[in-house]
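Biologist: I should like to discuss this structure with you, beginning with a pocket and moving on to the interior.

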Amino acid sequence: MLRIQLYLLATLVALSSGAPSSSKSIAVVGTGYAGLAAVGRLRELGFDDITVFEGADRIGGRVYSIPFGKGRLQQGAQWINGKNNSIYRIADELGLIIGELADNEVFETAQYFDGNCGLTKELIDEYYNFTAPLPGEWEELAEDKKNYALTFDELYDEDYRKFLCRKKRSHREIALLGGLSRFYKAYFEGENGAFEDYALANLEEWDDGEGEEKSYVLNEIGYYEVTNYLKKFVPDEIVKYGHFVRNINYAGEKVSIRIEANNKHSIYPKKFDHVIVTSSLGHLKKYARSMFHPQLPHKKLEAIDTLGYGNLLKVFFVYDQPWWSYNGSAIAALRIKGCSKSPALMKYFHTFKTLEWGENVLVAFVSATGTEMIDSVPDHVLSRMVTEHLRESMQVPDAPEPKKLIREHWVSNKLFLGAYSYIASESADLSGGAYNRMAEPVGSKIFFAGEATHPTMYQTTVGAYDSGVREADRIAAL
């Protein structure tokens with residue numbers, strides 16, 4: 001802790017006195033980790049004419065937590081990928097890292113609950129033996145760039161059909177295997193943001209430098225402290241909260257920005273030499289064609305349009321006391337077609353874990369299409385549905401309803417519209433690489449940062465942070 005305090009003090013002294021000053025005016029759109037990193041690096045390099053536009057009333061972007069009990073509920077980012085990066089070093093110095101988590105732990109060691117539908121250990125083992133070699137086979141295929149556009153879904157579906165046809169099966173057995181299959185796909189969706197159009201290219205391009213599939217676990221305070229650390233380099237007076245950027249006009253000598261604040265639209269009175277845009281890929285997919293004038297180059301728009309953007313949501317169910325018990329890493333509550341009586345929507349609620357530091361909180365992980373399907377369902381209705389599902393699947397008829405449900409609506413929040421990016425089949429073969437296109441500046445005025453602009457660490461806070469530093473350095477090098 002002492003080392004990080006001394007580093008912070010030295011850096012702030014450099015920012016206030018030792019760094020050469022620059023007269024260039026710079027706007028930064030967004031205060032996620034890319035935006036915070038960009039501002040911190042710009043100030044370190046001597047730029048002091050910086051204005052930051054933030055559409056929300058808080059910093060952090062998709063890193064967001066709320067106070068609860070002795071810690072904070074991490075609504076967005078929760079783990080750290082890789083050791084050799086700034087985010088890990090900051091978290092380590094702050095004493096936040098408490099362990100490691102194998103990426104495949106949930107799938108391989110979950111306890112299955114299917115009510116009275118007849119799932120047996122023999123059937124689970126048969127399915128596991130079928131799926132065990134698949135990731136290795138896909139990795140081998142990914143070594144050949146000709147296969148980059150192949151998707152997990154099409155490869156899995158072909159193998160799954162062959163697996164089902166190995167022997168004669170009853171309708172009930174096929175339904176039970178269907179439940180296991182949904183859980184398997186959901187594991188990948190949770191890890192990667194998607195399964196259906198997730199391209200093999202990701203297996204070769206994504207790299208956290210670890211060489212093994214694991215993440216680093218933070219304590220009950222988690223990313224909140226990392227965010228606070230990064231915020232120390234971003235003076236509050238330069239951040240314009242509640243300023244939603246509607247249009248960036250870079251046609252003239254300087255860049256003008258039209259904003260929406262307090263339900264009013266206006267041209268911000270100051271013009272800028274450079275603008276760093278850190279908006280999420282989901283936001284750009286919806287607004288890119290109206291957000292910039294002139295229109296962004298075709299190659300940039302093609303990357304925005306074709307890259308995948310996945311969804312992952314955590315739903316926290318708070319009880320007076322824990323009523324559940326399970327062995328292994330998680331509860332796999334399967335809804336079996338033709339057998340389970342719970343609402344059909346519950347097929348998306350298959351993975352539950354006890355909050356590591358709060359034994360009265362059950363956390364559901366909902367991915368991909370499921371996040372969109374439940375977004376508009378009122379909390380009290382969703383609580384009732386999930387209670388019915390857990391009562392049936394776990395065979396606990398008197399399981400209580402939660403006293404509170406906590407979730408963030410990422411998929412409908414116009415600043416995010418989802419969770420994180422990935423290489424979809426459509427973007428796998430783009431010349432020059434989709435992520436490289438995303439990172440390419442437009443002239444010397446418009447720059448892009450964010451996890452969806454990092455070629456190897458997309459989806460992560462590490463990629464977001466590094467991209468912000470990268471664009472600050474790019475501006476300084478002009």
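Biologist: How do the residues of the lining of the second largest pocket divide into nonpolar, polar and charged?

Modeller: Please bear in mind that this is a predicted model. The second largest pocket holds about 530 Å³ of space, and 22 residues line it. By class, its lining divides into seven nonpolar, seven polar and eight charged residues.

Biologist: Which element gives the most to the lining of the second largest pocket?

Modeller: Elements giving two or more residues to this lining are helix 8 (171–192), strand 14 (308–310) and helix 13 (369–374). The greatest contribution is four residues, and it comes from helix 8.

Biologist: Why do the buried residues of helix 6 line one face of the helix?

Modeller: Helix 6 spans residues 134–142, and Leu134, Trp138 and Ala142 are buried there. Viewed down the helix axis, the buried residues fall within an arc of 75 degrees, so they occupy one face of helix 6. Their cover includes helix 5 (121–131), helix 7 (152–164), helix 8 and helix 9 (201–205).

Biologist: Which residues touch the most other members of the largest nonpolar core?

Modeller: In soluble globular proteins, nonpolar side chains tend to be buried together. Leaving aside neighbours within four places in sequence, Phe349 is in contact with residues including Val315, Phe317, Ile374 and Leu382. Apart from the largest core lies another, of 41 residues, among them Ala38 and Val462. Within the largest core, which has 72 residues, those touching the most other members are Ile248 and Phe349.

Technical notes. Residues numbered from 1 in each chain as written. Predicted model: local features only at pLDDT ≥ 70, side-chain atom pairs only at ≥ 80, totals over all residues. Heavy atoms only, no water. 1 Å grid on protein atoms, 1.4 Å probe; cavity = no way out; pocket = protein on both sides within 12 Å on 5 of 7 lines; lining within 4 Å. Points joined across faces, edges and corners; volume = space filled by probe spheres on them. Nonpolar A, V, L, I, M, F, W, Y, C, P; charged D, E, K, R; others polar. Core = buried A, V, L, I, M, F, W, Y, C linked by side-chain atoms within 4.5 Å. Buried < 20%, exposed > 50% of the residue type's maximum accessible area, 1.4 Å probe, protein only. Contact = heavy atoms within 4.5 Å. Arc of directions from axis to C-beta.
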